[in-house]
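Biologist: I'm new to reading protein models, and I'd love a close look at one part of this one. Could you walk me through a single residue and then show me what lies around that part?

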Amino acid sequence: MTSEHNVVQIALFTALIAALGLIPQLMLASGVPITAQSLGVMLCGTVLGAKRGAYAALLFMGLVAIGLPLLAGGRGGLGLFTSPTAGFLIGFPFAAFFTGYAMEKLSRLSVGWAAGLAAVIGGVVVLYAFGIAGMSLVLERSVLEAAALVTAFIPGDLIKAALAGVITAALYRARPHSVMSRG
């Protein structure tokens with residue numbers, strides 16, 4: 001893979017995360033929106049692998065930090081790093097990395113199963129760890145209270161993880177070399 005190809009892939013997946021923010025969001029009482037952007041983070045890891053996936057999510061986070069309105073609802077700017085969603089946003093690169101890392105380590109499983117399981121590990125477990133920690137700090141609640149606030153997200157995020165598995169498997173069948181996590 002050439003470095004130019006890597007840069008293009010990272011930019012495309014950064015754009016994918018942003019595009020998934022255009023899908024209408026639902027806002028929960030906790031102030032955290034239900035969006036499709038975490039599916040993009042999962043796909044960064046399952047398709048690009050650990051490092052490139054993390055770079056794509058980190059680029060997305062940087063673009064949001066400088067004020068581009070790329071988060072669901074057209075939000076952007078440094079103020080988001082003090083909001084209830086801060087932990088989730090900060091967790092994006094880590095979630096993509098651990099999704100990709102798990103995908104690379106699960107090479108004995110079929111692509112679809114590996115991607116689905118990796119998306120649960122990185123895109124749900126790791127992302128929730130950051131999100132819950134952030135909510136606990138910002139909302140001045142215990143970790144258990146913050147965790148209770150995000151339980152409504154679990155079914156949707158498990159569906160997104162399954163979708164990441166299906167999408168990654170379909171991409172692998174159509175263009176095996178495009179799934180770099182299986183490189």
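Modeller: Happily; here is a walk that begins at one threonine and moves outward to the helices and loops.

Please keep in mind throughout that this is a predicted model. Our starting point is Thr99, a residue of helix 4, which covers residues 86–105. Is Thr99 buried or exposed? Thr99 has a relative accessibility of 0%, and since anything under 20% is called buried, Thr99 counts as buried.

Which residues touch Thr99, once its neighbours within four places in sequence are left aside? The list is Met42, Gly45, Thr46, Ala118, Ala119, Gly122 and Gly123. With Gly123 there is also a polar link: a polar atom of the Thr99 side chain lies 3.2 Å from the backbone nitrogen of Gly123. For a sense of scale, try Gly112, which is 13 residues from Thr99 in sequence, with 13 Å between their C-alpha atoms.

Now pick out Thr46 from that list of partners. Thr46 also touches Ser181, a residue in the segment after helix 7. Here the side chain of Ser181 reaches the backbone oxygen of Thr46 at 2.4 Å. Ser181 is buried as well, at 6% relative accessible area. Leaving aside sequence neighbours within four places, the contacts of Ser181 include Gly45, Val47, Leu48 and Gly49, and also Met103 and Glu104.

Let's widen the view to whole helices. Two packed helices are described by the angle between their axes and the distance between those axes. Helix 2 (residues 37–48) packs against helix 7 (residues 154–174) at about 40 degrees, and their axes are 9 Å apart. Helix 2 and helix 7 are therefore oblique to each other, and the crossing is right-handed. On the helix 2 side, the contact is made by Ser38, Leu39, Met42, Leu43, Thr46 and Val47. You will recognise Met42 and Thr46 as partners of Thr99. Helix 7 contributes Asp157, Lys160, Ala161, Leu163, Ala164, Ile167, Thr168 and Leu171. Sorted by class, this contact has nine nonpolar, three polar and two charged residues.

Helix 4, the home of Thr99, has a packing story too. The axes of helix 3 and helix 4 come within 7 Å and cross at roughly 170 degrees. That angle makes helix 3 roughly antiparallel to helix 4. The residues of helix 4 in this contact are Leu89, Ile90, Phe92, Pro93, Ala96, Phe97, Gly100, Tyr101 and Glu104. From helix 3 come Ala50, Lys51, Gly53, Ala54, Ala57, Leu58, Phe60, Met61 and Val64. The classes here are 14 nonpolar, two polar and two charged residues. Glu104 is worth a second glance, being also in contact with Ser181.

Helix 3 (residues 50–65) also meets helix 1 (residues 3–20), where the axes come within 8 Å and cross at roughly 55 degrees. Helix 1 and helix 3 are therefore oblique to each other, and helix 1 passes helix 3 in a right-handed crossing. Helix 1 brings Asn6, Ile10, Phe13, Thr14, Ile17 and Ala18 to this contact, while helix 3 brings residues including Arg52, Tyr55, Leu59 and Leu63. By class, the contact has 10 nonpolar, two polar and one charged residues.

Finally, let's visit two loops. In the loop between helix 3 and helix 4 you will find Thr85. Thr85 is buried, with a relative accessible area of 8%, and its side chain makes a polar contact of 2.8 Å with the side chain of Ser83. Compared with Thr46, Thr85 is 39 residues away along the chain, and their C-alpha atoms are separated by 23 Å.

The other loop, between helix 5 (111–139) and helix 6 (143–149), holds Glu140. Is Glu140 buried or exposed? Glu140 is exposed, with a relative accessible area of 73%. Its backbone deserves a look as well. Most residues other than glycine have a negative phi. For Glu140, phi is near 55 degrees, which is a positive value in a residue other than glycine.

How values were computed: Residues are numbered from 1 along each chain as its sequence is written. This is a predicted model: local features need pLDDT of at least 70, side-chain atom pairs count only at pLDDT 80 or more; totals for chains, interfaces and linings use all residues. Side-chain values use heavy atoms; hydrogens and water are left out. Helices (H or I, at least four residues) and strands (E, at least two) are DSSP runs, numbered from the N terminus. Buried means under 20% relative accessible area, exposed over 50%, partly exposed in between (1.4 Å probe, protein chains only). Contact means heavy atoms within 4.5 Å. A polar contact is a pair of N or O atoms within 3.5 Å; within protein, one must be able to donate a hydrogen and the other to accept it, and residues adjacent in sequence count only if both atoms are side-chain atoms. Axes are lines fitted to C-alpha atoms, for helices over the stretch in contact, and angles run from 0 to 180 degrees between N-to-C directions. Angles under 35 degrees count as roughly parallel, over 145 as roughly antiparallel, 65 to 115 as roughly perpendicular and the rest as oblique. A crossing is left-handed if the near helix is turned anticlockwise from the far one by less than a right angle, and right-handed if clockwise. Ala, Val, Leu, Ile, Met, Phe, Trp, Tyr, Cys and Pro count as nonpolar, Asp, Glu, Lys and Arg as charged, and the others, Gly among them, as polar.
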